[in-house]
Amino acid sequence: MIGRRILTASLACAATFSVAFASGTVAPDKVEIVDGALELSLTGTPGDPVEGRKTFANRKLGNCLACHAISDQKEQLFHGEVGPELDGVADRWSEAELRAIVVNSKELFSEETVMPGFYSLDVGVNVRKDLIGKTILTAQQVEDIVAYLTTIKE
Amino acid sequence: MKKFGKVGAVLVTLGALSAVALAGGPVDQQLVIDGEIEMITRTEAPDGHPLDEVISGWHYRTGETRALEADTFENPGMLFVEQGEAAWNKIEGTEGKSCASCHGDASESMAGIGAQYPKWDADSGKPINVELQINKCRTENMGAEPLPFDKGGQKELTAYIKHQSLGTPVSIDLDAGDMQSWWKKGEEVYYTRTGQLNLSCASCHEQNNGNYIRADHLSQGNINGFPTYRLKQGALVSVHNRFRGCIRDTRAEFPAAFSDELMALEVYVTWRGSGLSVETPGVRQ
């Protein structure tokens, strides 16, 4: 009986897991930023810079423009100034560093950093109930944004 | 250490670039309402304040929005203040009284009063704001039902009462009762990061006031203009409505209006704007 109960429970867990995170995807609580970098892709599927460019601007997704200005997206009217400008960002950071920054910049900079962790469960208190345990972006959306950012050179 | 050196250098360089590319910061102008009332919209911060200067949100708005507030005929919030005046004179409840029955002419009895709220309420052992003071009067003296949050003319009457302090510097008494501990609790709320976006009030209004967040020019978040007319909503907006809206935008569950948490925050944030003129009804984006 006990064995069966454990089996049922673990199957249920596996089911939940596969719904939340596609197979081959690193779950947000398993991501390990080492020396300010994340060498391995979160998904194993190469990021799409064209998609990343859209996700970067989309107010409901990355909304990166809310805080960062970037000349590559001049067609967008409003660029924020809360964070640094991103022109030439790929000259200053490697792909692995960019990935780590998007995932959870607090691990690189400081706890005081305003930038949210886009693939992190290191979040604030009283998270909206339907968002508990969920990340701002999916792993693939992070990869897309990283692929886009690596094209931003001076 | 190498990494942090690099980060620091990048931030310094880009900070300089931003200043050139975007015109942030508070505008240098004086607010004079109807060419008569000289408003204090910038003043030295009170002791213990994290910023050197306290600045009204008026300085962070566009020229058009600032002009609307400088002229009471143009100010869309004044329509609601007039509705508040009607509410002041309206008889309600079993005692057959209006606000005016006891308080008479609000321009005399309420002059400067709104600038002192929230204040200590010994009866409830908590701070009380104008909205709750109105409800206390209604239930204790008028025999009327308390007004529900943001309804039944609550915003309008609150705006009318605070408008009687137009130009008076915000000054709350933190020595009364247990106000200190509510201030302390409010400070804690102010610096607590909430929601999936992991932001506190300070993330935007202390660390980044003067910066643009997309099309929004971040102010210090002072509340001396509340209830304020917000062009975005085309309506008068109460302080607790705005608190809840800000917290909601961090993708968090938000506290109830007039909850202890938000009352503490109102005490603390009001204090942060000490010395600024009451602008009610302010006009904002």
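## Cis prolines in chain B

B:Pro118 sits in the loop between helix H5 (106–109) and strand S5 (119–121) of chain B. The model is predicted. In it, B:Tyr117 and B:Pro118 are joined by a cis peptide bond, with omega about 0°.

Chain B has another cis peptide bond, joining B:Phe226 and B:Pro227. Omega there is about -15°. B:Pro227 belongs to the loop between strand S8 (216–217) and strand S9 (228–230) of chain B.

## Overall build of chain B

Chain B contains 11 helices and 11 strands. Its radius of gyration is 20 Å, close to the 19 Å that the globule rule gives for 285 residues, so chain B is as compact as a globular protein of that length. Along the principal axes, the C-alpha atoms of chain B fill a box of roughly 75 × 40 × 35 Å.

Of the 285 residues of chain B, 43% count as buried. Take the contacts in chain B with a separation of 6 or more: 72% of them involve residues 24 or more positions apart.

## Two domains in chain B

The domain assignment splits chain B into domain 1 (27–75 + 174–284) and domain 2 (79–163). Domain 1 is thus given as two segments of the chain. The C-alpha centres of domain 1 and domain 2 of chain B are 22 Å apart.

How many residues of each domain are in contact with the other? In chain B, 18 residues of domain 1 are in contact with 20 residues of domain 2. On the domain 1 side, helix H8 (179–191), helix H10 (239–249) and helix H11 (260–272) of chain B give two or more residues each. H11(B) gives the most, with four residues. By class, this side of domain 1 of chain B has 11 nonpolar, six polar and one charged residues.

## Where the chains meet

The interface pairs 30 residues of chain B with 26 residues of chain A. Helix H1 (2–21) and strand S7 (212–213) of chain B each supply at least two residues to the chain B side. H1(B) gives the most, with eight residues. By class, the chain B side has 13 nonpolar, 12 polar and five charged residues.

B:Gln196 shows one part of the meeting of the chains. Its place is in the loop between H8 and helix H9 (201–205) of chain B. Is B:Gln196 buried or exposed? B:Gln196 is buried, because 22 other C-beta atoms lie within 10 Å and the cut-off for burial is 20 or more. Leaving aside neighbours within four places in sequence, B:Gln196 is in contact with A:Val123, A:Val127, A:Arg128, A:Leu131, A:Ile136 and B:Arg251. The C-alpha atoms of B:Gln196 and B:Asp249 are 9.5 Å apart, although 53 residues separate them along the chain.

## Asparagines with positive phi

B:Asn198 is also found in the loop between H8 and H9 of chain B. Phi of B:Asn198 is near 60°, a positive value in a residue other than glycine. B:Asn198 counts as buried, because it has 26 C-beta neighbours inside 10 Å.

On chain A, phi of A:Asn126 is near 55°, again a positive value in a residue other than glycine. A:Asn126 lies in the loop between helix H4 (95–104) and helix H5 (139–149) of chain A. A:Asn126 is partly exposed, because 18 other C-beta atoms lie within 10 Å.

## Nonpolar cores

The largest nonpolar core has 36 residues. Which of them touch the most other members? They are A:Val102, A:Val103, A:Tyr119, A:Val142, A:Ile145, A:Val146 and A:Leu149. H4 and H5 of chain A each supply at least two residues of this core. H5(A) provides the largest share, seven residues.

A:Tyr119 is in contact with A:Pro28, A:Val31, A:Leu42, A:Val103, A:Thr135, A:Leu137, A:Ala139 and A:Val142, leaving aside neighbours within four places in sequence. A second, separate core has 28 residues. Its members include B:Leu166, B:Met179, B:Phe254 and B:Val267.

## Confidence in chain A

Chain A has a mean pLDDT of 89. In chain A, 85% of the residues reach 70 or more. Where does pLDDT stay under 50? It does so over residues 1–20 of chain A. For that stretch the model has one contact beyond four places in sequence.

Note on methods. Residues are numbered from 1 along each chain as its sequence is written. Chains are lettered from A and ligands numbered from 1 in the order in which they are written. This is a predicted model: local features need pLDDT of at least 70, side-chain atom pairs count only at pLDDT 80 or more; totals for chains, interfaces and linings use all residues. Domain bounds come from an automatic or database domain assignment. Two residues are in contact if their C-beta atoms, placed from the backbone, lie within 7 Å. Ala, Val, Leu, Ile, Met, Phe, Trp, Tyr, Cys and Pro count as nonpolar, Asp, Glu, Lys and Arg as charged, and the others, Gly among them, as polar. A residue is buried if 20 or more other C-beta atoms lie within 10 Å of its own, exposed if 12 or fewer, and partly exposed in between; C-beta atoms are placed from the backbone. A nonpolar core is a set of buried Ala, Val, Leu, Ile, Met, Phe, Trp, Tyr and Cys residues joined through C-beta atoms within 7 Å. pLDDT is the predictor's confidence in each residue, from 0 to 100. The radius of gyration is taken over C-alpha atoms; the globule rule is 2.2 Å times the number of residues to the power 0.38.
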